[in-house]
Amino acid sequence: MAEKLSTHPGQRFECRDCPARCCRLPASVVIDRDDVARFRAEPWVRERLPEQGLAILERGVLPMREVERGLRCAFLDDDLLCGLQKRFGEAYLPRACQAFPFGFTRNEKDVTVAQLSQLCPSIRDNYGEPLDGQLRGKLAKKGATERMSTAMATLRGVILPRAQYLRVAEGWDETLASDAPPLPALALIYDATRAFEDALPFGSEKVPDAAVAAALAQAAAREPEPLGTRRAPSFHARVVFAYLLGNLCYPSRVRLAQRMRSAPATRFEALRSFGNKLAWMLGRGTVDLLYVPRPVKLGRVRRVARFLAEDGAEARRVAGYLRLVLARRQIFSRPRHLMAVVLDLSLAAAVISRFARCRAAADERSAVSAEDVGEAIGVAELVLLSHRSLTEDGRLMKNLRWLLLTKPERFRGVLEGEA
Ligand code: SF4
């Protein structure tokens, strides 16, 4: 029987002259052993790559070079077309390249759901042809489908099988679909999920469905605590921005392990990267942030209106995006704490808000535009929800995540700085 496929209704796609954004991402493009063997055996590839590039390839990652303050795939030509594709055809490319911007996750109903990266301008702007005729071809190119985790854990160690954790996630979706704007909605979701976890029978590893229903009802009955506001980002929000957005600033964004270098890394570059993080921590200084055409004076960001704690077109767009993230199910692909999923959605909202406001500040505008928010959603995909996995987090970010999961006032502080 043919595999059932689904995608976001009305979504379109056609690769266009964007130009080659997917070949210039500051992220690892992982390739399989067959690709490595094929490339290694090809004289043209060996000529094209220096020793260092071949060594990076051996690690199962596409090597990149630094051009115009950014990284680009070592096979991307100066005309921004893929040298491998021009020479050998599309079928020769690694699967990740052939399938981009598509990924696939098998959902709880055994339907394969397309996961489309919002970093791709065609997906972001809904440009091109309807997807129905393209899905099977892209699935064949991708070759693999992610699966949802069979269980998630509460912070107290109860293991919730898929049907139970999805019942909780249904409530998140309803809250995001309600009148509450994204940041107050996420605060509600965080509090309600914690209250649900606390209401489950203590000490058991598994609980019956009736106990889940009772704990959900108990969590829903409590009085919600309104989200406050802060004049400036909290200390923890600054660490989040320094780590996630600071790494998208130049030169931090080119200091990746897959970069080929003509000269050894300099201490000066490391110092400037540290300077980027310091600027984000202090909220002062000027940074060169990816996808922002002008330098960003971080001190100006506070003059840009916040937009995710009140109703408005951009707030609704972000709520819609967070619902899409839940619907495409990739966020449930790893077994982990259920609250960690809530945290991912919340950090994504904070990052979207801060990035969009930075982009407006760089243009000396006092309000974000639809374009700022579109780019910001792509950035959330890049640093949190689609292209980067938790396994790439350093110890600092892992500790910070744990703190935000277990200390509600610290978590609220992150949202309040953008509310
Ligand atoms: S980012 Fe999208 S539109 Fe741009 S080259 Fe890649 S697939 Fe095509």
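# Briefing: two domains, two sheets and a ligand shell

In strand E11, Arg-259 is the bridge partner of Met-64. Met-64 is part of strand E3, which covers residues 64-67, and E3 sits in a three-stranded open sheet whose order is E4-E3-E11. The model described here is predicted. Its protein is divided into domain 1, residues 5-147, and domain 2, residues 149-419. The points below start with the sheet around Met-64, then turn to the domains, a second sheet, a helix pair, the ligand and the cis peptide bonds.

**The sheet E4-E3-E11**

- The pairing in this sheet is mixed.
- Strands of a sheet pair through backbone hydrogen bonds, and the pairing is either parallel or antiparallel.
- E3 pairs with E11 in the parallel sense, over two bridges.
- E3 pairs with E4 in the antiparallel sense, over four bridges.
- The edge strands are E4 (70-73) and E11 (259-260), each of which pairs on one side only.
- Met-64, the bridge partner of Arg-259 in E11, also stands opposite Cys-73 in E4.
- Further along E3, Glu-66 stands opposite Leu-71 in E4.
- Val-67 of E3 stands opposite Gly-70 in E4.

**The turn between E3 and E4**

- E3 and E4 form a hairpin, with two residues between the strands.
- Glu-68 lies in the loop between E3 and E4.
- The phi angle of Glu-68 is positive, about 45°, although Glu-68 is not a glycine.

**How the two domains meet**

- The C-alpha centres of domain 1 and domain 2 are 26 Å apart.
- At the contact, 31 residues of domain 1 touch 25 residues of domain 2.
- On the domain 1 side, the elements that give two or more residues are helix H3 (51-58) and strands E3, E4, E5 (102-106), E6 (112-116) and E8 (146-147).
- The residues on this side of domain 1 divide into 13 nonpolar, 11 polar and seven charged.
- The hairpin strands E3 and E4 are thus among the elements listed for this side of domain 1.

**The sheet E1-E6-E5-E8**

- A four-stranded open sheet has the order E1-E6-E5-E8, and its pairing is mixed.
- Strands E1 (5-6) and E8 are the edge strands, each pairing on one side only.
- E5 and E8 pair in the parallel sense, over two bridges.
- In the pairing of these two strands, Thr-105 stands opposite Glu-146 in E8.
- Helix H7, residues 135-142, packs on this sheet and touches E1, E5 and E6.
- The direction of H7 makes about 90° with the direction of E5.

**The helix pair H11 and H17**

- Helix H11 (residues 235-244) and helix H17 (residues 408-416) pack at an angle of about 65°, and their axes are 7 Å apart.
- The crossing of H11 and H17 is right-handed.
- H11 makes the contact through His-236, Ala-237 and Val-240, while H17 makes it through Arg-410, Gly-413 and Val-414.
- The residues of this contact divide into three nonpolar, two polar and one charged.

**The shell around the ligand**

- The ligand is surrounded by Cys-15, Arg-16, Cys-18, Ala-20, Arg-21, Cys-22, Phe-100, Pro-101, Cys-120, Pro-121 and Ser-122.
- Eight residues of this shell are nonpolar, one is polar and two are charged.

**Cis peptide bonds**

- Cys-18, one of the residues around the ligand, is joined to Pro-19 by a cis peptide bond with omega about -5°.
- Pro-19 is found in the loop between strand E2 (12-13) and helix H1 (33-41).
- A cis peptide bond also runs from Phe-100 to Pro-101, with omega near 5°.
- Pro-101 lies in the loop between helix H5 (95-99) and strand E5.
- Phe-100 and Pro-101 are both included in the shell around the ligand.

Methods:
Residues are numbered from 1 along each chain as its sequence is written. This is a predicted model: local features need pLDDT of at least 70, side-chain atom pairs count only at pLDDT 80 or more; totals for chains, interfaces and linings use all residues. A residue is near a molecule or strand if its C-beta atom, placed from the backbone, lies within 6 Å of it. Ala, Val, Leu, Ile, Met, Phe, Trp, Tyr, Cys and Pro count as nonpolar, Asp, Glu, Lys and Arg as charged, and the others, Gly among them, as polar. Two strands pair if DSSP finds at least two bridges between them. Axes are lines fitted to C-alpha atoms, for helices over the stretch in contact, and angles run from 0 to 180 degrees between N-to-C directions. A crossing is left-handed if the near helix is turned anticlockwise from the far one by less than a right angle, and right-handed if clockwise. Two residues are in contact if their C-beta atoms, placed from the backbone, lie within 7 Å. Domain bounds come from an automatic or database domain assignment.
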